[in-house]
Amino acid sequence: MRAARLINLVLLLQARGTLTAAELAAELEVSERTVYRDVLELSAAGVPVYAEQGRAGGYRLVGGYHTRLTGLSRAEAEALFLAGLPGPAGDMGLGEPVRAVRRKVLAALPPGLREASERAGQRFHLDAPGWFTDASPPPLLAALTRAAWQDEVLTLRYRRDEEVTRTVEPYGLVLKNGVWYLVGKVGADLRSYRVDRVTAAEPTGETFERDPAFDLPSFWAARAAEFVRQMLRDTITVRLSPYGLRALRHVAEPVAVQEATAAAGEPGPDGWVRTRLPVESLDVAYSYLLRLGPDAEVVEPPELRARLAEAAARTAALYR
């Protein structure tokens with residue numbers, strides 16, 4: 001642990017030039033007293049760390065000293081691919097490898113390119129969690145991450161209507177709108193589990209052979225599209241104004257919007273089009289069409305048409 005910290009201290013100075021004891025302490029997550037001791041130990045070992053006094057002072061490496069201790073560990077190499085997602089990587093228990101690999105990459109870059117990381121960080125930020133959701137990570141996320149890295153079979157307890165137990169081969173993790181999902185193999189089937197509903201994950205002591213043809217992004221895209229299509233159990237017939245057709249994408253699922261757009265007939269003299277819209281239920285369709293207001297008219301089914309007509313009458317009464 002201390003040896004790794006000493007290396008990281010040298011890499012920080014190599015990448016950034018001069019840093020104060022307070023800045024080094026913050027980066028290494030130690031006290032300033034520990035930084036002082038580490039600098040003395042590096043000097044005794046022959047590393048030319050020089051302390052500059054004064055207001056703009058700090059520690060720096062003398063004479064263009066350049067270490068070649070930039071080799072990546074396995075964990076750091078894996079974490080490199082998550083370096084653009086520091087928040088989720090930290091939730092998965094990979095925060096320190098991400099920070100370490102970033103320091104090593106910066107140290108390996110020529111001086112003219114070292115500002116590239118800072119420039120990118122100032123201009124781009126990916127905020128993965130969705131709005132109005134609990135941003136704290138699920139308690140077992142780090143354990144599931146370790147099992148997925150190590151291809152380790154788990155005994156999983158999962159809470160649905162009731163708690164169930166499954167033997168799962170964890171293939172990967174997906175972050176969707178701030179919600180983590182585990183993709184795992186149970187028998188011959190690939191399934192997905194919400195991580196915040198996993199109540200226990202116990203290693204069995206066995207490992208599994210991962211299917212080399214499995215591709216997590218492709219699997220998830222196909223499963224997500226299938227999930228949405230399964231939800232769309234009803235279909236309604238509507239007339240939409242030109243604005244209503246454009247605004248439909250703001251209220252309905254993308255798959256449903258695509259099907260409705262493809263099924264739309266030719267515009268009438270008033271510019272309105274008639275189409276069929278897949279929906280999850282008539283209750284959901286009611287909420288969609290309320291948001292479209294006077295730019296949508298239900299043709300079928302008659303019970304939904306009557307319900308919206310009654311809502312329109314109540315709305316008109318409010319504004320008399």
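**Figure 1. Contacts across the whole predicted model.** In this predicted model, residues 24 or more positions apart make up 61% of the contacts that have a separation of 6 or more. As you look over the protein, you can trace 13 helices and 10 strands. Of its 320 residues, 35% count as buried.

**Figure 2. A close-up of the largest pocket.** Welcome to the largest pocket, which holds about 680 Å³ of space. Its lining is made up of 19 residues, and those nearest the centre are Tyr181, Ser192, Trp220, Arg223 and Phe227. Three elements give two or more residues to this lining: strand E4 (163-176), strand E6 (189-194) and helix H9 (216-231). Which element gives the most to the lining? The answer is H9, with seven residues. Sorted by class, the lining has eight nonpolar and eight charged residues, along with three polar ones.

**Figure 3. Inside the largest nonpolar core.** Here is a useful idea to keep in mind: in soluble globular proteins, nonpolar side chains tend to be buried together. The largest nonpolar core of this model has 27 residues. Ile236, Leu240, Leu248, Leu277, Leu289, Leu292 and Leu304 are the ones with the most contacts inside this core. At least two core residues come from each of strand E8 (234-240), helix H11 (254-263), strand E9 (273-279), helix H12 (282-292), strand E10 (296-300) and helix H13 (302-318). Of these contributors, H12 gives the most, with six residues.

**Figure 4. Leu289 and its neighbours, with a second core elsewhere.** Try picking out Leu289, one of the residues with the most contacts inside the largest nonpolar core. What does Leu289 touch, once residues up to four places away in sequence are not counted? Its partners are Ile236, Val238, Ala296, Val298, Leu304 and Leu308. Apart from the largest core lies another, of 17 residues, including Leu12, Ala25, Leu28 and Val49.

**Figure 5. Ser241, a serine in a loop.** Find Ser241 in the loop that runs between E8 and helix H10 (242-247). Is Ser241 buried or exposed? Ser241 has a relative accessible area of 4%, so this residue counts as buried, the cut-off being under 20%. Leaving aside neighbours within four places in sequence, Ser241 is in contact with Trp272 and Asp295. With Asp295 there is also a polar contact: the two side chains are joined at 2.7 Å.

Key. Residues are numbered from 1 along each chain as its sequence is written. This is a predicted model: local features need pLDDT of at least 70, side-chain atom pairs count only at pLDDT 80 or more; totals for chains, interfaces and linings use all residues. Side-chain values use heavy atoms; hydrogens and water are left out. On a 1 Å grid over the protein atoms alone, a cavity is a set of points where a 1.4 Å probe fits but cannot get out, and a pocket is an open set with protein on both sides within 12 Å along at least five of seven lines; lining residues have an atom within 4 Å of a point. Grid points are joined across faces, edges and corners, and a volume is the space filled by probe spheres set on the points. Helices (H or I, at least four residues) and strands (E, at least two) are DSSP runs, numbered from the N terminus. Ala, Val, Leu, Ile, Met, Phe, Trp, Tyr, Cys and Pro count as nonpolar, Asp, Glu, Lys and Arg as charged, and the others, Gly among them, as polar. A nonpolar core is a set of buried Ala, Val, Leu, Ile, Met, Phe, Trp, Tyr and Cys residues joined through side-chain atoms within 4.5 Å. Buried means under 20% relative accessible area, exposed over 50%, partly exposed in between (1.4 Å probe, protein chains only). Contact means heavy atoms within 4.5 Å. A polar contact is a pair of N or O atoms within 3.5 Å; within protein, one must be able to donate a hydrogen and the other to accept it, and residues adjacent in sequence count only if both atoms are side-chain atoms.
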